[in-house]
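Student: Please take one part of this model and go through it closely. Then set it against the rest.

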Amino acid sequence: MNLDLDPTQTLLRDTVREYLAAEVPFDRVRRCERQERWDEALWRDIVRQGWLGLPFPESLGGAGGGLVEAGLLVEELARRAAVVPIAEALAAALAAVQSAPAESARALVQGLLGGDALVVPAVLERSDVLGDVRSPVRDGRLSGEKLFVDYGQFASHHLVAAREHDAPGLYRVELAGARIRSAALRTIGRTPSARVRYEDVPAEHVGGADALAALLATARILSAVQCLGSAQQALDMTVAYAKVREQFGRPIGSFQAVQHHAANMASRVASTRFLVYEALHALDRGNASPRQIAFAKASASRMVPEVTMLAHQIHGGNGMIEENDLYFFTLRGKERSLAWGSAEECLAEAAACVEEPQQWLC
Amino acid sequence: MDFEWEQEYRDFRAEVRHFIEDWRTPELLEEYARTYGADGPLLRQFRDALAARGWMRMCWPESDGGQGRNLLYQFIFVEEMEYWGMPYGNLTYTSIAPSIQRFGSDDQKRRYLPGILRGDSVFALGYSEPNAGTDLASLRTRAVRVGDEWVINGQKIWTSLADVATHIWLAARTDPDVPKHQGISVFVVPTTSPGLTIRPLHAMYGGHTNETFYDDVRVPHADLIGGVNRGWPIIMHALNHERVGLAATGSLARLFDLLLGHLAERRRDRLDDPRVRQRLAELQLELLEQRALAIQNAWIISRGGTPIAEASMAKVAATELRTRIANTAMDLLGRYGALSRENGELAPAEGRMEWSYRIAPIFRFGGGTNEIMRDIIAAAGLGLPR
C-alpha cells in the first residue's frame, strides 16, 4: 500500500500542470467554446510530448505506465478545461488493446501516438441506455444512428458499438469518404459532441462484448477523473478567492459559515479522489469489479455538483460571469457527471447487486 | 501509488478474525453490553488474551514493549473489532495509553502502562466542565500546590465510566494568571481519592455518564503528567488519538450488514423494491467514501505524518454517516424499526438500529464537535484565515 504519488507520478503531474498553465490560458478555452471547435493545436502538442503513450505497453510504442498515470494526465487537462478528446481517445485505444487482434491494436495505438488518427467511441443510441446496442453490421458494413459522440465531428475514426448476428461488439469506422451525416449537439459542457448517422459504411471488427465492456469501464472511470478535476479546480479557486475577497472588513474565508462550506467541499473531493484513483489502480491490475467502477463514478457524479454549487455560493456574482473561470468547471463537471453513467445509472447498477458481499473488509 | 493491501496485512486481518471467532460468545457480548465494557470476569479473560497477543501495544516502539508495527495494523484491528462488536478497549487504550507513552516520565510509564495493558486500570476523561465544553481551555477546576501534593477543587461533567474506572485523567488549572491555554496541567487521580464524588447522569441511549466533584482532592506531584502548565498539548494529542477511533468504519459497516441481512431474511418484499435497493446502494457508497477518508488518515500516520485536516474529515464523515444509517434503517424497517431489543424476536437486528439512533448524536459532538472539526479542516487543511 502506498497512497501517495511516487516521484515519477508527481513529476508527470507537475510537468503537465506547468505546461498547461504556461501554454493554455483560459481565453483559449473560451475561443474554442465560441467557435465550437476543439483545441487542435493543444492536441498536437500533447501528441508531440508523448503523453498519450503513458498507459500503453512499450511493445506498442507506449511508455509502459498505467491507468493511474493516464488518470493524472486526464485530471490535469480537466483542471484546465482543455478542449481535447483525451478521455475519448485513451478509452477507445485501451479497449482495443485489451481485445483486438495484436496487429489491429498496434495499428490503432500507433495511429493515436503518431497523431495520424483520432479514434473516438460512438456508443449511445436514442434510448440513452449504455448496454442497448442496436446498430446492425452486415457483411462488414454498418448502419445506424449514434448520439453523444464526443469530439465525433473532429475525429478520423469512430469506434462504434454495433451488433452482428445478434452479438454486440466494437467496430472501427473510417470517416473519410464514408456515407455519414453528422450534426453538432450543444451540451451544457460546451465541448464538441455529435449526433451521427452511418449509412452502410465499411466497418472493421475490433472486438466483441468484452471489448465493449472494457470501453465502458475505462470511459466511465476516466469521466469520473474529469469530474474530480473540475471539482478540485473549483475548490482551489474558491479557497484562493475566500482568502482575498473582503466583506465587513475581513476576508470572507475567515467567516465560519464560509469555512464550513469549504471544509465540506474539501472532504467530498478527498473521498472521491481516493475512490477514483483506487478504481483506476484496480482496473489496471485487472481486478476492478463493475460495481467498484460504478461506485467510483457515482461518487464523482454526486460530488461535482455539490462542490461546484458551493463554489458559486462563495463566489457570489463574480462566479457567474463568463470573465471568471469558474463556470468552465461547473458546466463541464455537470456534463461529465452524466457521461458514461450518471449517479442515477451507476447507483442503479450498484443497487442491482446490493446483496453481493462487499470486499471492503477483506 | 498502490491501493492494495500487502499479504502481511491480509494475513493479520485473518488472524484477528480467527481470534474473534474463538472468543465471540453470547455470554461475553451480554457482559459487555451490561457493563459498557468496564469490567467482568469474561471481559477480563478476553483482555488477558488480547494482552497476550500484544495487539493493544503493537504500534508502540519495541523499546517500550511494543511490536513497532505501523498504524495500518491498528486500523485493521479496530475495524475488525468494531465490526464484530468486540470489547477491544476504550479510550484508556486508544487515547490515554499513547499519551502516557508520549508525555509520561519513565516512572509514570512503569506505574500505569502495565495495568492499562492488563485491563486492570480503566481511565475516565476529566476534561469538560459545565461552563467549559467546546471551549475546553476555559476550564476552572483548580489545582494548587501544597508541598509535594496538589489540592484539587472543582467540578467536571461527562466523566463517562468514572463510576467503574480506577483513575480519572484530569485537566485542571494550575496557573490562573497566564493565557488560558498555558495554565493547564494533567493529573492522574485515583477514583478512590477522598473528596471525590461521582453522580450519574442517565442518558437517552440507556447508559449513563457522570458528574464528578472535587473537594480538596489531594494528588502527589508524581502523578502530574508532562510538567506543570504543559497540559494543553497533551489534551490535544489525546483528542487526536480519540478521533482516529471515532472515525472507524467497522461498526458502521456492521450496522449496514445487519440491516441488509434483516431485510433479506424477514422483509424480502421491501428488499425487492428498487427504491429500497437504491437507498441501500447510496449508503454503501457513503460507507466507501467514509472509509476512504479513514484509510487516508491511517496511511498518513503510518508513514510518520500528522493528519490534522484528514483526521477531522474522517471524524465528521463517520459520525454523520452513523446518523444517516440509523435513520434510513429505521425508515426502511417501518414501525418495527422503533422496537428496542427488550422486544426480543420482534425487534429487527436485536434493536441495534433503534439504539444506534439514540446514541448517534454523541459521536457528532463528542471528541470535538463537528463544527470545530470543520474549522480545523478550513484552517489547517485549506489555510483559510482566522
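Tutor: Start with a single pair: Arg197(A) in S7(A) is the bridge partner of Arg181(A). This is a predicted model, in which local features need pLDDT of at least 70 and side-chain atom pairs pLDDT 80 or more, while totals for chains, interfaces and linings use all residues. Residues are numbered from 1 along each chain as written, with chains lettered from A and ligands numbered from 1 in written order.

Now widen the view. S6(A) pairs with strand S7 (residues 193-202) of chain A over 5 bridges, in the antiparallel sense. Strands pair if DSSP finds at least two bridges between them. Strands (E, at least two residues) and helices (H or I, at least four) are DSSP runs, numbered from the N terminus. S6(A) and S7(A) belong to an open sheet of 4 strands in chain A. The order is S2-S3-S7-S6, and the pairing is antiparallel. Its edges are strand S2 (137-138) and strand S6 (180-184) of chain A. Each edge strand has a single partner, so one of its sides is left without a neighbour in the sheet.

Turn next to S4 of chain A, residues 157-164. This strand is mostly covered, with 6 of its 8 residues buried. Buried means 20 or more other C-beta atoms within 10 Å of a residue's own, exposed 12 or fewer, partly exposed in between, with C-beta atoms placed from the backbone.

S4(A) pairs with strand S1 (residues 119-122) of chain A through 4 bridges, and the two run parallel. There His157(A) in S4(A) stands opposite Val119(A). S4(A) is also joined to strand S5 (residues 167-174) of chain A, by 8 bridges and in antiparallel fashion. One of the facing pairs is Leu159(A) with Arg172(A), the latter in S5(A). S4(A) and S5(A) form a hairpin with 2 residues between the strands. In that hairpin, His165(A) takes a positive phi near 50°.

Chain B supplies the wider setting. Chain B has 13 helices and 8 strands. Its C-alpha atoms fill a box of roughly 70 × 50 × 45 Å along the principal axes. Of its 386 residues, 43% count as buried.

The two chains meet where 39 residues of chain B are in contact with 41 residues of chain A. Contact means C-beta atoms, placed from the backbone, within 7 Å. On the chain B side, the elements giving two or more residues are helix H4 (71-83), helix H8 (250-266), helix H10 (274-302), helix H11 (309-333) and helix H13 (370-381). H10(B) gives the most, with 15 residues. By class, this side of chain B has 24 nonpolar, 4 polar and 11 charged residues. Asp, Glu, Lys and Arg count as charged; Ala, Val, Leu, Ile, Met, Phe, Trp, Tyr, Cys and Pro as nonpolar; the others, Gly among them, as polar.

H10(B) also packs against H4(B) inside chain B: their axes come within 8 Å and cross at roughly 145°. From H4(B), Leu71(B), Leu72(B) and Phe75(B) take part. They meet Ile295(B), Ala298(B), Trp299(B), Ile301(B) and Ser302(B) in H10(B). This contact has 7 nonpolar residues, 1 polar and no charged.

Technical notes: Axes are lines fitted to C-alpha atoms, for helices over the stretch in contact, and angles run from 0 to 180 degrees between N-to-C directions.
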